[in-house]
Each structure stands twice: as C-alpha cells, then as structure tokens.
Amino acid sequence: MDNVLETIEIINSLTTHMYYNLIKMDGKTYYLNGGCLELSEILKEVYPGSISYIKYDKTHVITKIGDNYYDASGYVDEPEEYYIMTNADLDIYKNYTNNHYKLLNIEENIKNLLIKKNNPSQKLGL
C-alpha cells in the first residue's frame with residue numbers, strides 16, 4: 001500500500017477516534033466536507049515539499065505529494081480541476097471553512113499525535 005494512503009487512513013482514524021462525539025462525523029467525512037484544508041496542512045507537515053491545490057470553484061483542497069494528488073478518500077483522479085493554492089486563497093479558505101470547529105484544534109492535535117507516532121520513544125495513548 002502507498003505510504004501516503006496509509007497515513008491518510010491513520011489521520012482519518014485518529015480524527016474519528018478523538019472527535020466523533022463532538023463533530024458527529026468520522027474523520028474521512030469531516031475532511032471531505034469542510035476540513036480539506038486542515039488535512040492538506042497535516043499532510044504538508046508529514047511530507048515536506050507537498051503542495052496544496054484548490055479546485056477552480058474553490059470547493060475543495062487536495063494535496064500533491066510527489067507525482068500524486070490526495071484527499072481524505074485517497075487518490076484524486078482529476079487534478080486538472082485544481083490549481084496551486086495562493087496565499088490569498090489560503091486566507092479566504094481559512095476564514096471560510098469549519099469556523100465552528102476551530103476551537104477544537106483538530107489540525108494541531110492530529111499533527112502532534114503523528115509526530116509522537118513517528119517517534120518510537122513516545123506512546124500514542126490510544
């Protein structure tokens with residue numbers, strides 16, 4: 001299995017495990033319905049050099065890692081519908097998406113758990 005796909009599964013599972021009772025949806029659903037920028041930011045932390053792409057109609061963000069494009073469901077089949085996200089896009093998107101979940105710090109908490117998971121001297125505690 002592709003290492004990135006495995007990482008996405010872990011992120012989806014961690015998000016479900018930690019936040020389902022608060023957001024009433026699993027991680028994959030969350031990241032496909034407003035949390036896509038957060039997923040892209042998490043993936044960029046795990047895979048330096050990754051690039052966020054935004055759909056031309058500004059409804060979804062995906063991540064280019066190596067030669068492939070990903071979102072919470074895995075590979076993205078039609079990356080030509082997206083362009084590299086600009087700082088202006090980023091500012092608009094950050095203010096638009098999932099405002100009611102920002103206080104949960106999902107992105108930061110998942111990043112911290114992934115760092116612990118990749119450091120064998122620390123335990124996840126799940």
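Select K58 first: this residue lies in the loop between β1 and β2. The model is a predicted one, and here phi of K58 is near 60°, a positive value in a residue other than glycine. Is K58 buried, partly exposed or exposed? K58 counts as partly exposed, because its relative accessibility is 36%, which falls between the limits of 20% and 50%.

**The β1-β2 hairpin**

Extend the selection to both strands that flank the loop. β1 and β2 form a hairpin with five residues between them, and K58 sits in the turn. Strand β1 covers residues 51-55 and strand β2 covers residues 61-65. Their pairing is antiparallel and runs over four bridges. To check the register, show S52, which stands opposite T63 in β2. Then show Y53, which has I62 of β2 opposite.

**From β2 to β3 and β4**

Move on along the chain to the next turn. The hairpin of β2 and β3 has two residues between the strands. Select G66 in this hairpin: its phi is positive, near 65°. β2 and β3 pair in the antiparallel sense, with three bridges. For a marker of this pairing, pick K64, whose bridge partner in β3 is Y69.

Next comes the connection from β3 to β4, a hairpin that joins the strands through two residues. These strands are antiparallel as well, and two bridges hold the pairing. Display Y70 with Y75: Y70 stands opposite Y75 in β4.

**The other side of β1**

Return to β1 and look at its pairing with β5. β1 and β5 pair in the antiparallel sense over three bridges. Select K55 and Y82 together; Y82 in β5 is the bridge partner of K55.

**The whole sheet**

Now colour the strands as one group. In what order do the five strands form the open sheet? The order is β4-β3-β2-β1-β5, with antiparallel pairing. At the edges are β4 (74-75) and β5 (82-84), each of which pairs on one side only. Helix α1, residues 3-23, packs on this sheet and touches β2, β3 (68-71) and β4. The direction of α1 makes about 10° with that of β3.

**Helix α3**

Add helix α3 to the view. α3 lies across β1, β2 and β3 and runs at about 20° to β2. Eight of the 11 residues of α3 are buried, so the helix is largely enclosed by the rest of the structure. The buried residues of α3 are C36, L37, E38, L39, S40, E41, I42 and L43.

**E38 in α3**

Zoom in on E38, which is placed in helix α3 (residues 36-46). Why does E38 count as buried? E38 is buried because its relative accessible area is 16%, under the limit of 20%. Show the side chain of Y30 next: a polar contact of 2.3 Å joins the side chains of E38 and Y30. Then select I106, which is 68 residues from E38 along the chain. The C-alpha atoms of E38 and I106 are separated by 8.0 Å.

**The chain as a whole**

Zoom out and switch to a cartoon of the full protein. The protein has five helices and five strands. Along the sequence they follow the pattern α-α-α-β-β-β-β-β-α-α. The protein has 126 residues, and 43% of them count as buried. Of the contacts between residues at least 6 apart in sequence, 63% join residues at least 24 apart. With the surface turned on, the accessible area comes to about 7,300 Å², and 49% of this belongs to carbon and sulfur atoms.

**Colour by confidence**

As a last step, colour the model by pLDDT. The average for the protein is 83, and 83% of the residues score at least 70. Where does pLDDT stay under 50? Select residues 120-126: pLDDT stays under 50 over this stretch. For residues 120-126 the model has six contacts beyond four places in sequence.

Definitions and conventions. Residues numbered from 1 in each chain as written. Predicted model: local features only at pLDDT ≥ 70, side-chain atom pairs only at ≥ 80, totals over all residues. Heavy atoms only, no water. Buried < 20%, exposed > 50% of the residue type's maximum accessible area, 1.4 Å probe, protein only. Polar contact = N/O pair within 3.5 Å; in protein donor to acceptor, adjacent residues only side chain to side chain. Pairing = 2+ DSSP bridges. Contact = heavy atoms within 4.5 Å. Axes fitted to C-alpha atoms, helices over the stretch in contact; angles between N-to-C directions. Areas by Shrake-Rupley, 256 points an atom, 1.4 Å probe, with all protein chains shown as cover. pLDDT = per-residue confidence, 0-100.
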